[in-house]
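Dear colleague,

Please find below the structure for your files. My findings follow directly after it.

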Amino acid sequence: GNIQAYGDYESALKVKRELDENSRLHYVPLPYLSTGAWSYILSKCSIVISRSGANTFIELVAAQKPCVLIPLP
């Protein structure tokens, strides 16, 4: 997600630029995901790092995905 006031997306892009080439291939920061894109990515990933909104939490539990949740500000 992207909360512009906090510069989240820009920070994620900076992190990606600093990674080694192999890690950059597996780190995909996005400012927004459509429902279809979220469903596809969730089905393919092995771990999720995300904000801990209620909907996201419920979806991750239902999908039984290991995750690291970051509290919303």
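I begin with Pro29, which counts as buried because its relative accessibility is 13%, below the 20% limit for that class. Please note that this is a predicted model. Pro29 sits in the loop that joins α2 and α3. Its C-alpha atom is 8.0 Å from that of Lys16, a residue 13 positions away in sequence. Of the 73 residues of the protein, 15% fall in the buried class.

Overall architecture

The protein contains four helices and two strands, and their order along the sequence is α-α-α-β-α-β. The C-alpha trace spans about 35 × 30 × 20 Å along its principal axes.

The strands and their connection

Strand β1 (residues 48-51) pairs with strand β2 (residues 67-70) in the parallel sense, over four bridges. Within this pairing, Val48 has Cys67 in β2 as its bridge partner. Between the two strands the chain passes through α4, and the resulting β-α-β crossover is right-handed.

Helix α4 covers residues 54-63 and includes Val61. Val61 counts as partly exposed because its relative accessibility is 49%. The C-alpha atom of Val61 is separated by 32 Å from that of Glu18, with their positions 43 residues apart along the chain.

The loop between α4 and β2 holds Gln64. What is notable about the backbone of Gln64 is its phi, which is positive at about 55° although the residue is not a glycine. For context, most residues other than glycine have a negative phi. Gln64 is classed as exposed because its relative accessibility is 69%.

The salt bridge

Which side chains form a salt bridge? Those of Arg51 and Asp8 do, with an N to O distance of 1.9 Å. The count for the structure comes to one salt bridge. Arg51 belongs to strand β1, whereas Asp8 belongs to helix α1 (residues 8-18), so the contact ties together parts that are 43 residues apart in sequence. As general background, side chains of opposite charge can pair when their charged atoms come close. Arg51 is partly exposed, given its relative accessible area of 23%. Asp8 is likewise partly exposed, with a relative accessible area of 23%.

The cysteines

How many disulfides does the structure hold? The number is zero. Cys45 takes part in no disulfide, and the nearest cysteine sulfur to it, that of Cys67, lies 9.7 Å away. Cys67 is in no disulfide either, its nearest cysteine sulfur being that of Cys45 at 9.7 Å. A disulfide requires the sulfur atoms to be within 2.5 Å, so a pair separated by 9.7 Å does not qualify. Cys67, which was introduced above as the bridge partner of Val48, counts as partly exposed because its relative accessibility is 33%.

The nonpolar surface patch

Which residues form a nonpolar patch on the surface? They are Val28, Leu30, Tyr40 and Ile41, and together they have about 370 Å² of accessible area.

Two of these residues deserve separate mention. Val28 lies in the loop between α2 (21-26) and α3 (35-44). Val28 is exposed, as its relative accessible area is 58%. Pro29, described at the start, is in the loop between α2 and α3 as well, but counts as buried at 13% relative accessibility.

Tyr40 is part of helix α3. Tyr40 counts as exposed because its relative accessibility is 52%, and the threshold for that class is over 50%. The C-alpha atoms of Tyr40 and Gly7 are separated by 26 Å, and these residues are 33 positions apart along the chain.

In closing, I would draw your attention to three points: the right-handed β-α-β crossover from β1 through α4 to β2, the salt bridge between Arg51 and Asp8, and the positive phi of Gln64.

With kind regards

How values were computed
Residues numbered from 1 in each chain as written. Predicted model: local features only at pLDDT ≥ 70, side-chain atom pairs only at ≥ 80, totals over all residues. Heavy atoms only, no water. Buried < 20%, exposed > 50% of the residue type's maximum accessible area, 1.4 Å probe, protein only. Patch = residues over 30% accessible without salt bridge, like charges linked within 9 Å, V, L, I, M, F, W, Y side chains within 5 Å. Areas by Shrake-Rupley, 256 points an atom, 1.4 Å probe, with all protein chains shown as cover. Salt bridge = Lys/Arg side-chain N within 4 Å of Asp/Glu carboxyl O. Pairing = 2+ DSSP bridges. Right-handed = clockwise from strand over helix to strand, strands pointing away.
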